[in-house]
Amino acid sequence: MTGLRYVYAVCRPLSAPLQAELTGVGGAPAKMLHHHGLVAVVSDVPERDFAEEPLRAHLEDLDWLAATARGHQQVIDALTAVTTPLPLRLATVFRDDSGVRVMIEAGEDDFRRTLDRLEGRVEWGVKVYVEATPETAVPAESGPPAKPASGRDYLLQRRMRAKAHEDSWIRAERFAGRLHSLLSAHAHAARLHPPQNAALSRASGQNVLNAAYLVPRKDSEEFVEIVDRTKGEEPGMRVELTGPWAAYSFVDLESAQSEEGEEGS
């Protein structure tokens with residue numbers, strides 16, 4: 001074979017075949033490399049794009065990065081439909097098959113422990129946003145803001161808006177906290193991520209909850225129904241659900257032991 005080896009994920013041998021003609025990064029076919037009872041899902045990629053120097057330059061190119069991420073995710077999604085994959089970082093590349101085998105051998109024990117922990121489970125993402133509405137901009141009983149008649153009236157309106165915003169934020173944090181506790185009770189594990197920056201995510205509203213939940217596949221329908229029931233429960237709050245995904249938020253090999261302790265608490 002020629003070129004470098006791009007590795008998407010490590011998993012156990014599949015009980016069902018991957019979809020026919022599955023392609024990944026750069027349109028390259030995805031294939032399986034078996035070693036020590038584990039499988040690395042790989043594609044051949046050209047050195048001109050994925051050798052160390054050109055790859056470093058490409059990682060500064062947002063269009064190239066987005067296209068590569070789409071190809072990577074396409075393979076991970078296909079794997080998630082038939083098995084429990086342990087997804088690797090974007091642009092994990094080795095010189096040849098021997099390099100991939102060495103990687104498997106070096107991490108074999110951790111791979112097996114993590115696959116045991118994730119077996120039969122998928123990740124769901126839940127976000128809560130505070131949406132800017134006239135009701136949260138000023139107290140409802142005050143009606144539409146009138147043109148201030150004096151400097152004192154202007155300051156009073158400013159204070160009323162600030163108080164309305166503060167009340168809305170407190171209400172949002174309480175709602176997000178209740179929702180996180182509820183969903184955590186129906187998940188095998190949960191992870192809180194930092195709130196998303198609105199300027200980067202381009203999502204409307206202010207993000208107050210950005211969480212991931214590791215849920216058994218067999219319980220996913222119930223989990224989705226629980227989330228759906230919360231939508232519209234609190235005025236001015238928007239709940240978004242994404243998934244099911246491969247368990248990206250739960251594959252940190254170094255934190256597996258501490259996470260398992262949290263699950264049992």
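Helices here are DSSP runs of at least four residues, numbered from the N terminus. With that in hand, a good place to start in this predicted model is helix 2, which covers residues 52-58. Arginine 56 and glutamate 52 sit four residues apart in this helix, so about one helical turn separates them. Their side chains meet in a salt bridge, with N to O at 3.0 Å. As for solvent, glutamate 52 is exposed, at 59% relative accessible area, while arginine 56 comes out as partly exposed at 42%. The dividing mark between those two classes is 50%, so glutamate 52, at 59%, falls on the exposed side of it.

Helix 5 (residues 108-118) offers a pair with that kind of spacing: arginine 112 and glutamate 108 are four residues apart, about one turn of the helix. These two side chains also form a salt bridge, here at 3.1 Å from N to O. Arginine 112 is partly exposed, with 27% relative accessibility, but glutamate 108 counts as buried at 17%. Buried means under 20%, which is why the 17% of glutamate 108 puts this residue in that class.

Another bridge joins lysine 231 to aspartate 228, and the closest N and O atoms of this pair are 3.4 Å apart. Both partners are partly exposed: lysine 231 has a relative accessible area of 40%, and aspartate 228 has 39%. The model holds 16 salt bridges in total. Some of them join up, and Arg5, Lys31, Asp44 and Asp97 are linked in a network.

Next come the empty spaces. Rolling a probe the size of a water molecule over the atoms is a handy way to find where space is left. The largest pocket has a volume of about 360 Å³. Its lining is made up of 13 residues, and those nearest the centre are Gln73, Glu123, Thr242, Trp245 and Tyr248. Three strands each put at least two residues into this lining: strand 6 (121-130), strand 8 (206-216) and strand 9 (237-245). Strand 6 gives the largest share, with four residues. Sorted by class, the pocket lining has six polar residues, five nonpolar and two charged.

There is also one cavity of 30 Å³ or more. The largest cavity has a volume of about 40 Å³. Lining the cavity are three threonines, Thr80, Thr83 and Thr84, along with Pro85, Val122, Trp245, Ala246 and Ala247, plus the arginines Arg121 and Arg217. That lining splits into five nonpolar, three polar and two charged residues. Trp245 turns up in both settings, as part of the cavity lining and among the residues nearest the centre of the largest pocket.

Finally, there is histidine 72, found in helix 3 (residues 62-80). Histidine 72 is buried, with a relative accessible area of 4%. A polar atom of its side chain lies 3.5 Å from the backbone oxygen of leucine 88. Leaving aside neighbours within four places in sequence, the residues in contact with histidine 72 are three tyrosines, Tyr6, Tyr8 and Tyr248, together with Val25, Leu88, Arg89 and Leu90. One of these, Tyr248, also lies among the residues nearest the centre of the largest pocket.

Methods:
Residues are numbered from 1 along each chain as its sequence is written. This is a predicted model: local features need pLDDT of at least 70, side-chain atom pairs count only at pLDDT 80 or more; totals for chains, interfaces and linings use all residues. Side-chain values use heavy atoms; hydrogens and water are left out. On a 1 Å grid over the protein atoms alone, a cavity is a set of points where a 1.4 Å probe fits but cannot get out, and a pocket is an open set with protein on both sides within 12 Å along at least five of seven lines; lining residues have an atom within 4 Å of a point. Grid points are joined across faces, edges and corners, and a volume is the space filled by probe spheres set on the points. Ala, Val, Leu, Ile, Met, Phe, Trp, Tyr, Cys and Pro count as nonpolar, Asp, Glu, Lys and Arg as charged, and the others, Gly among them, as polar. A salt bridge is a side-chain nitrogen of Lys or Arg within 4 Å of a carboxyl oxygen of Asp or Glu. Buried means under 20% relative accessible area, exposed over 50%, partly exposed in between (1.4 Å probe, protein chains only). A polar contact is a pair of N or O atoms within 3.5 Å; within protein, one must be able to donate a hydrogen and the other to accept it, and residues adjacent in sequence count only if both atoms are side-chain atoms. Contact means heavy atoms within 4.5 Å.
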